[in-house]
Amino acid sequence: MAVASQSANYVEKAIGHTDDAITEQNLTNPERARDKYADPSGEKMKALVWMGKNEVQLVETSKPKVVEDRDVILKVTGSTICGSDLHLYHGAVVQLQKGDILGHEFCGKVDSVGPAVKDLKPGDRVVASFQIACGDCIYCQKKLSSQCERTNSNKVENIMYGGRTAGMFGYSHFTGGFAGGQAEYARVPFGDVNLLKLPDDVPDEQGLYLSDVLSTSWNCVVDTGVKEGDVVAIWGAGPIGQMCAEMSFIRGAKRVIVIDGGAAAWRLDRIKSKNSKVETLNYTDLPSGTTVTSKLKEMEHGGPDVALECAAGEYAKGWAHKIELTLGMETDTSEIVNEMITSVKSFGRCGITGVYVGFTNHFNIGALMERGIRLIGNGQAPVHLYWKDLLKMLQDGSLDSSVMLSHRINIDEMDTLYQKFDARADNLQKVFVQTRFSDPPAPGTPDLTSWK
C-alpha cells in the first residue's frame with residue numbers, strides 16, 4: 001500500500017486538482033513553505049509527522065499562521081490517537097508524503113483569528129471537528145459536514161468514489177492535505193464553522209472526543225437504525241466499538257454483543273468491566289468448526305438484528321485475503337462484512353463505520369440480496385450534525401466518554417504511542433495527549449504515563 005500511496009501522488013500531480021475547493025490545499029506542514037505558511041515570529045512547535053510505512057517522528061517545525069480570513073490558530077491542549085491513524089501509519093491510506101503532520105482529533109485554546117472570524121477570541125476553549133466544512137454548500141446547510149463540497153479538490157478521490165469527502169485534518173493529501181492536530185499548534189480553516197466552544201463544566205478530557213469518536217459512534221448507531229428491543233452485534237472492541245455499545249443501550253437495545261480477539265482480546269474484558277450488560281465474543285477462543293456466525297446464532301435465535309462494523313478493512317484473517325492485500329489485488333478484506341451479513345437475521349441491518357478505502361474481493365452479494373440484508377455505509381460521520389446534542393449529553397451525564405479513557409501521555413512520547421497502540425500493548429484504549437498548553441488533569445482522569 002505504501003507503493004500505491006506514492007503512485008497515487010504521481011497520478012494526482014499528473015491529472016491535477018479540480019477547482020472546487022475555496023480553501024488552500026496541500027498545506028500539511030508550514031515548514032514546506034515558511035514564507036507563506038509559517039508564523040512570522042519564527043516560533044517553533046513540536047509535531048508528529050509521517051515518515052513512511054510504520055514510521056512516525058516527533059519533530060520541531062514552524063508554528064502555523066493565519067493564511068485565510070476565516071482561519072483560527074489554536075494552541076492545542078489535547079489530542080489523541082485513533083484506529084484510523086493506524087491506517088495512515090501502515091500506509092493503507094493513499095497520498096501520504098513524508099513530513100505530513102498527523103492527527104484529526106484535537107481541542108485547544110484560541111491563539112489568534114483571521115479578520116473575518118467574529119464569534120471567537122483568543123483564550124476561548126474549543127474542540128475541532130475532524131472534517132473541514134465551509135458552512136455554506138448544500139451538504140453544510142444540512143449539517144452533513146463530512147461531505148462538504150468546497151474543502152477538498154483531490155481529483156483521485158473524486159474518480160475513485162464518484163465524489164469527494166470534505167477536507168480532513170491530518171489525513172493525507174487524498175482528503176485535501178491539511179496539517180493535523182498531533183502538534184502544539186494547529187491551523188483551522190473556516191474556524192467559525194469547524195470549532196465548537198467548550199463550556200467550563202466539560203473538561204478537555206471529555207470535550208476532546210466530540211471531535212470524532214463520539215460523533216462517529218453516534219452516527220454508526222443512529223444511521224444503522226438501532227432501536228428499542230434490538231439485539232446488536234459489534235465487530236471491534238476499540239473506542240468506537242465501546243462507545244457504540246454504550247450508545248446502543250441509550251437507544252434502547254435489549255442486548256449488545258461485542259466481538260474481538262487475537263492481540264486485542266483484552267479489550268473485551270475492559271469493556272465488560274465498564275458495563276456489565278455488554279456480552280462478549282472472543283473469536284480466537286472458538287472451538288474448531290465454530291464460526292462467529294454460528295456462535296452468534298447460538299447466542300440469539302436467528303442472529304442479531306443489527307451488526308456494526310467498528311474495526312476496518314485492512315485486517316485480514318484468512319490467507320487468501322492476506323495474500324491479495326499484500327499483492328495489491330484488493331485494498332480491503334471482505335471477511336468482517338461477510339460475517340455480519342451471514343450473522344444477522346433476515347432483513348437485518350449492517351452498518352460499516354470502520355475505514356474501508358477501495359476495493360474488496362469475495363463479497364457475499366448473494367446472501368445480501370437473497371436474505372434482504374440492509375448494508376449501510378455510515379460514511380465519515382457528519383460531526384456538525386451531532387456535536388451540539390452530544391455536548392448536552394456530556395453535560396447532563398447521560399453520556400460519559402471517560403469510560404473509554406485509559407491513559408494520559410505527553411506529546412513528547414507520541415511516536416512511542418503509535419508503536420504501542422499498533423501492538424495493542426499496555427491496555428491502551430483511548431488516550432489523552434497533553435501539550436505544554438494543557439490544563440492540569442481533570443479529577444478522576446488518568447495520571448500521566450511515561451515510557452521513558
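Lys143 counts as partly exposed, because its relative accessibility is 44%, and I start with this residue since its backbone deserves a look in the predicted model we have on screen. The phi of Lys143 is near 65°, which is a positive value in a residue other than glycine, and you will find Lys143 in the loop between α4, residues 138-141, and α5, residues 155-161.

Please set Arg424 beside that. Arg424 also is not a glycine and has a positive phi, of about 55°, and Arg424 sits in the loop that runs between α16, residues 414-422, and β18, residues 430-434. Is Arg424 buried or exposed? Its relative accessible area is 19%, and since buried here means under 20%, Arg424 falls into the buried class.

Before going further, a word on confidence. The mean pLDDT of the protein is 94, and 96% of its residues reach 70 or more. Over residues 1-5, however, pLDDT stays under 50, and for that stretch the model has eleven contacts beyond four places in sequence, so please read those contacts with the low pLDDT of residues 1-5 in mind.

Now to helix α8, residues 213-223, which is mostly covered, with nine of its eleven residues buried. Those buried residues are Val213, Leu214, Ser215, Thr216, Ser217, Trp218, Asn219, Cys220 and Val221. What do they pack against? The partners of these buried residues are α7 (204-207), α9 (239-250), β14 (306-309), α15 and β18. As a general reminder, an α-helix has 3.6 residues a turn, so residues three or four places apart point the same way. After α8 comes Gly225, and the phi of Gly225 is positive, near 85°.

Two residues elsewhere in the chain touch this helix, and I would like to take them in turn. Ser401 is placed in the loop between α15, residues 383-396, and β17, residues 405-410, and with a relative accessible area of 0% Ser401 is buried. Its side chain makes a polar contact, at 2.7 Å, with the side chain of Gln206. If we leave aside neighbours within four places in sequence, the contacts of Ser401 are Glu205, Gln206, Tyr209, Leu214, Met243 and Leu394, and Leu214 is one of the buried residues of α8.

The other residue is Gly379, in the loop between β16, residues 374-377, and α15. Unlike Ser401, which is buried, Gly379 is partly exposed, with a relative accessible area of 43%. Again leaving aside neighbours within four places, Gly379 is in contact with Asn219 and Ile352, and Asn219 belongs to the buried set of α8. Gly379 and Thr353 are 26 residues apart in sequence, while their C-alpha atoms are 6.6 Å apart in space.

A brief stop at Thr280, which is found in strand β13, residues 279-282. Thr280 counts as partly exposed, at 34% relative accessibility, and touches Val258 and Leu268 when residues up to four places away are not counted. The C-alpha atoms of Thr280 and Ala265, which lie 15 residues apart along the chain, are separated by 9.8 Å.

Let me finish with the empty space. Rolling a probe the size of a water molecule over the atoms shows where such space is left. How many cavities of 30 Å³ or more does the structure hold? It holds two, and the largest has about 100 Å³ of space. Its lining includes Leu27, Met45, Ile101, Phe178 and Arg187, and strand β9, residues 185-188, gives the largest share of that lining, three residues. By class, the lining of the largest cavity divides into ten nonpolar residues, one polar and one charged.

The second largest cavity has about 50 Å³ of space, and among the residues that line it are His87, Glu314, Asp332 and Tyr356. Here the classes are six nonpolar, three polar and two charged residues.

As for open space, the second largest pocket has a volume of about 410 Å³. Twelve residues line this pocket, and the closest to its centre are Lys53, His90, Glu314, Leu325 and Thr326. The lining of this pocket has five nonpolar, four polar and three charged residues. Glu314 is worth a second look on the screen, since Glu314 is named both for the second largest cavity and for the second largest pocket.

Note on methods: Residues are numbered from 1 along each chain as its sequence is written. This is a predicted model: local features need pLDDT of at least 70, side-chain atom pairs count only at pLDDT 80 or more; totals for chains, interfaces and linings use all residues. Side-chain values use heavy atoms; hydrogens and water are left out. On a 1 Å grid over the protein atoms alone, a cavity is a set of points where a 1.4 Å probe fits but cannot get out, and a pocket is an open set with protein on both sides within 12 Å along at least five of seven lines; lining residues have an atom within 4 Å of a point. Grid points are joined across faces, edges and corners, and a volume is the space filled by probe spheres set on the points. Helices (H or I, at least four residues) and strands (E, at least two) are DSSP runs, numbered from the N terminus. Ala, Val, Leu, Ile, Met, Phe, Trp, Tyr, Cys and Pro count as nonpolar, Asp, Glu, Lys and Arg as charged, and the others, Gly among them, as polar. Buried means under 20% relative accessible area, exposed over 50%, partly exposed in between (1.4 Å probe, protein chains only). A polar contact is a pair of N or O atoms within 3.5 Å; within protein, one must be able to donate a hydrogen and the other to accept it, and residues adjacent in sequence count only if both atoms are side-chain atoms. Contact means heavy atoms within 4.5 Å. pLDDT is the predictor's confidence in each residue, from 0 to 100.
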